[in-house]
Amino acid sequence: MLSVNEIAAEIVEDMLDYEEELRIESKKLENGAVVVDCGVNVPGSYDAGIMYTQICMGGLADVDIVVDTINDVPFAFVTEYTDHPAIACLGSQKAGWQIQVDKYFAMGSGPARALALKPKKTYERIEYEDDADVAVIALEANKLPDEKVVEYIAKECDVDPENVYALVAPTASIVGSVQISGRIVETAIFKMNEIGYDPKLIVSGAGRCPISPILENDLKAMGSTNDSMMYYGSVFLTVKKYDEILKNVPSCTSRDYGKPFYEIFKAANYDFYKIDPNLFAPAQIAVNDLETGKTYVHGKLNAEVLFQSYQIVLEE
């Protein structure tokens, strides 16, 4: 059985060997846990963002950054592929663990979820759980966790605190921007699962998504990073069997589609539960059906809304 925590821990060890080059900083807590700052008090880097994304996917994906243009404007794009989409995306990368200890709050993603089974129904659905002595968690937060936070994570994962690696990156950071765009395949698979498609039927997944420029605060950055996926993220999937319900995957099927996410969020009085969940999806998907050989394409790319979200200023 593949262990997403053991594979990811090897990538973390590589990161720790090149902290200066990656512009990250690690710290060993009194209980032996290692916290890796990827953007809270350090600048971070594209390379750190690539490794952070691979760690989130349990080491079961290849991730890179390329430069391409949108309406003749250059942008950095994440490109990625995985041959273990259900485990890498739903079983590891999904931000499925809200971690709250005293005043500390973070969205937890990455391999540690497969030990703590957060949420359990996801692991029942994909028929996977990890068994490892080491736990690797990725925290989207603008503050580093202390011993108490790590002890909670260790207990939930049934490992010793000294065997916990916690990587931290705020939304408004280089690593934050890269790793959120690096969720492009996961957003497709998550939506497919939500609408009733069996994720175990997905053989392989590949995706491409622009990396949002760093905006002035985490709230604005949360909007622009979501917009990267919802308005310009594209995914190619190979499946054992196509289903008509997959035409409902792209974000354009949502009633809230058509405005930058920050504006939608503001109009909802900053309440996520008032936003149509169908919005959280890639802009476009292409699905190759191995049964028939046909490839079905759904959705569209939307540069206009993306440029609004990115606060792009074009010279006349």
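**Aromatic pairs**

I began with the aromatic rings of this predicted model and counted 11 aromatic pairs. I then examined the pair of Tyr242 and Tyr296, which is stacked, with 3.7 Å from centre to centre and 10 degrees between the planes. I noted that this pair links distant parts of the chain, as its two members are 54 residues apart. Tyr242 belongs to the loop between strand 10 (234–239) and helix 11 (261–267), whereas Tyr296 belongs to strand 12 (residues 295–299).

I looked up whether each of the two is buried or partly exposed. Tyr242 has a relative accessible area of 12% and is therefore buried, the limit being under 20%. Tyr296 has 23% and is therefore partly exposed.

I turned next to Phe261 and Phe265, a second stacked pair, with 5.8 Å between ring centres and 15 degrees between the planes. Both residues lie in helix 11, four residues apart, which is about one turn of the helix. I recalled that an α-helix has 3.6 residues a turn, so residues three or four places apart point the same way. I recorded both Phe261 and Phe265 as buried.

Which residues do ring pairs link into a cluster with Phe261 and Phe265? I found Tyr270, Phe272 and Phe280 in that cluster.

**Largest pocket**

I looked up the largest pocket and recorded about 1,600 Å³ of space in it. Its lining has 41 residues, and those closest to the centre are Ala95, Gln98, Met107, Phe272 and Phe280. I noted that Phe272 and Phe280 appear here as well as in the ring cluster.

Which elements give two or more residues to the lining of the largest pocket? I listed strand 6 (104–109), helix 6 (120–126), helix 9 (184–194) and helix 10 (218–232). Helix 10 provides the largest share, seven residues. By class, I recorded 21 nonpolar, 10 polar and 10 charged residues in the lining.

**Helix 8 and Arg183**

I checked helix 8 (residues 174–181) for burial and found it mostly covered, with seven of its eight residues buried. The buried residues are Val175, Gly176, Ser177, Val178, Gln179, Ile180 and Ser181.

I then moved to the loop between helix 8 and helix 9, where Arg183 is placed. Is Arg183 buried or exposed? Its relative accessible area is 7%, so I entered Arg183 as buried, given the limit of under 20%. I traced the side chain of Arg183 to the backbone oxygen of Gln93, which it reaches at 2.5 Å. Setting aside neighbours within four places in sequence, I found Arg183 in contact with Cys56, Glu80, Gln93, Lys94, Ala95, Ser109 and Met229. One of these, Ala95, is also among the residues closest to the centre of the largest pocket.

**Backbone geometry**

I looked up the peptide bond from Lys118 to Pro119 and found it cis, with omega near -10 degrees. Pro119 sits in the loop between helix 5 (113–116) and helix 6. I noted that helix 6 is one of the elements that give two or more residues to the lining of the largest pocket.

Which value does phi of Arg23 take? I recorded a positive value near 60 degrees, in a residue other than glycine. Arg23 is found in the loop between helix 2 (19–22) and strand 1 (25–28). At a relative accessible area of 41%, Arg23 is partly exposed.

I made a parallel entry for Asn71, which is not a glycine and has a positive phi of about 50 degrees. Asn71 is placed in the loop between strand 3 (62–70) and strand 4 (73–82). Its relative accessibility is 56%, so I entered Asn71 as exposed, the threshold being over 50%.

**Gly59**

My last entry concerns Gly59, in the loop between helix 3 (46–56) and strand 3. I recorded 25% relative accessibility for Gly59, which counts as partly exposed. Which residues is Gly59 in contact with, leaving aside its neighbours within four places in sequence? I found Ile7, Ile11 and Gln54. I also looked up the separation between the C-alpha atoms of Gly59 and Gly110, which is 9.8 Å. These two glycines are 51 residues apart along the chain.

Definitions and conventions. Residues are numbered from 1 along each chain as its sequence is written. This is a predicted model: local features need pLDDT of at least 70, side-chain atom pairs count only at pLDDT 80 or more; totals for chains, interfaces and linings use all residues. Side-chain values use heavy atoms; hydrogens and water are left out. On a 1 Å grid over the protein atoms alone, a cavity is a set of points where a 1.4 Å probe fits but cannot get out, and a pocket is an open set with protein on both sides within 12 Å along at least five of seven lines; lining residues have an atom within 4 Å of a point. Grid points are joined across faces, edges and corners, and a volume is the space filled by probe spheres set on the points. Ala, Val, Leu, Ile, Met, Phe, Trp, Tyr, Cys and Pro count as nonpolar, Asp, Glu, Lys and Arg as charged, and the others, Gly among them, as polar. Buried means under 20% relative accessible area, exposed over 50%, partly exposed in between (1.4 Å probe, protein chains only). A polar contact is a pair of N or O atoms within 3.5 Å; within protein, one must be able to donate a hydrogen and the other to accept it, and residues adjacent in sequence count only if both atoms are side-chain atoms. Contact means heavy atoms within 4.5 Å. Rings of Phe, Tyr and Trp (its six-membered ring) pair if their centres lie within 6.5 Å; planes under 30 degrees apart count as stacked, over 60 as edge-to-face and the rest as tilted.
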